[in-house]
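Work through these exercises with the model open in a viewer. Try each task before reading its solution.

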Amino acid sequence: MLNSLRTSFAKPAVGCSKLYFHIGSCTRAAHQFTEVTQCDGVREICLNEPKTRNSLSMDMMNSILDALTKDWQSKELRSIVLTAKGNIWSAGHNLKELVPEKGPTYQTEVFSKLTEIILNIRKAPVPIIAKVNGLAAAAGCQLVASCDMIIASENSKFSTPGANFGVFCSTPGIAISRVMPRPQAAYMVMTGLPLTAQEAFSAGLVSRVVPENELDSEVGRITDAIKHKSRSVIALGKEFYYKQLNLSVEEAYRLGAQKMTENLSLSDSQEGLRSFVEKRKPQWKHE
């Protein structure tokens, strides 16, 4: 498997050396900013610059974006996991790229690059899962909150402390306010105080919290559940799920009925219904 990744991966940022490894049926591509592995339908993108607290520099963000969007249409790709090395998942933007000397044009490009990543997370035809084992702060918290699912270890923390350094976390606030109630999101951006993993779970920021030694197995359980479903059905459903969030209830149900009917026209939907009637496992073609 993984033929789509065995030729070449995304072009690395300037100055990065890139290595390729083949481990059984899995492929790994490593360079300065990220390590990317794909195995049995799961692509893992690991932020790989702990010395900078995995800061979201332009090079780091370009590397994430390249890995995130590579070969989306391959039927072999079933889910993507974002994770990080070290006890800091990501401390957010690299503040050295936001100093006054950089100028407003470049500063805006920095924020826009993360927006591009986040919009592509929504557009991706497969689920994007954040696997967090450490601190996700500021833009790092923004990136985590923008994933479809967030699985965190019990020792993880989440914060938006930008105001402590004179930069209010306005863009991170967009992400967290769309998954958390207003009072909890306001608490985060206005105080900069961190939430524990359990507090983040209670507030709706995190999907699941598990002990650190169970984090890998829990993410594996989730990606395995996704792999047992039709890729085309998941893609159709994910697209509409995000679309309907911005609609009135009436319009959402009107379009939802149309989307359900469209879903029933898929080859995999028809196979799923037949397999249910015939009491057998479905044979997905992912179309």
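**Exercise 1: Two hairpins**

Strand 3 and strand 4 (residues 42-47) pair in the antiparallel sense, with six bridges between them. This is a predicted model, in which local features need pLDDT of at least 70, side-chain atom pairs count only at pLDDT 80 or more, and totals for chains, interfaces and linings use all residues. Residues are numbered from 1 along each chain as its sequence is written, and side-chain values use heavy atoms, with hydrogens and water left out.

Task: trace how strand 3 connects to strand 4, then find the antiparallel partner of strand 2.

Step 1. Fix the terms. Strands (E, at least two residues) and helices (H or I, at least four) are DSSP runs, numbered from the N terminus. Two strands pair if DSSP finds at least two bridges between them.

Step 2. Look at the turn. Two residues lie between strand 3 and strand 4 in their hairpin. Asp40, in that turn, has a positive phi of about 55°. Across the pairing, Glu35 is opposite Cys46 in strand 4.

Step 3. Go back one strand. Strand 2 (residues 26-30) pairs with strand 3 (residues 34-39), again antiparallel, over four bridges. A three-residue hairpin links strand 2 to strand 3. Here Thr27 faces Gln38 in strand 3.

**Exercise 2: Two side chains**

Task: decide whether Thr83 is buried or exposed, and list what it contacts.

Step 1. Locate Thr83 in strand 5 (residues 79-84).

Step 2. Apply the cut-offs. Buried means under 20% relative accessible area, exposed over 50%, and partly exposed in between (1.4 Å probe, protein chains only). Thr83 has 8%, so it is buried.

Step 3. List the contacts (heavy atoms within 4.5 Å). Beyond neighbours within four places in sequence, Thr83 is in contact with Glu44, Ile45, Cys46, Leu47, Trp89 and Lys131. The Thr83 side chain also reaches the backbone oxygen of Lys131 at 3.5 Å.

Task: which residues does Ile117 touch, leaving out those up to four places away in sequence?

Step 1. Find Ile117 in helix 2. Its relative accessibility is 0%, so Ile117 counts as buried.

Step 2. Read off the contacts. Ile117 touches Met61, Ile64, Leu65, Leu68 and Leu143.

Step 3. Check one pair. Ile117 and Leu65 are 52 residues apart along the chain, yet their C-alpha atoms are separated by 5.7 Å.

**Exercise 3: Two pockets**

Task: which elements give the most to the lining of the largest pocket and of the second largest pocket?

Step 1. Define a pocket. On a 1 Å grid over the protein atoms alone, it is an open set of points where a 1.4 Å probe fits, with protein on both sides within 12 Å along at least five of seven lines; lining residues have an atom within 4 Å of a point. A volume is the space filled by probe spheres set on the points.

Step 2. Take the largest pocket. It holds about 770 Å³. Its lining has 28 residues, with Arg122, Ala145, Ser146, Val179 and Tyr242 nearest the centre. Helix 8 gives the largest share, six residues.

Step 3. Take the second largest pocket. Its volume is about 520 Å³. Among its 25 lining residues, Ala91, Gly92, His93, Leu95 and Ala138 lie nearest the centre. Helix 4 gives the most, with three residues.

How values were computed. A polar contact is a pair of N or O atoms within 3.5 Å; within protein, one must be able to donate a hydrogen and the other to accept it, and residues adjacent in sequence count only if both atoms are side-chain atoms.
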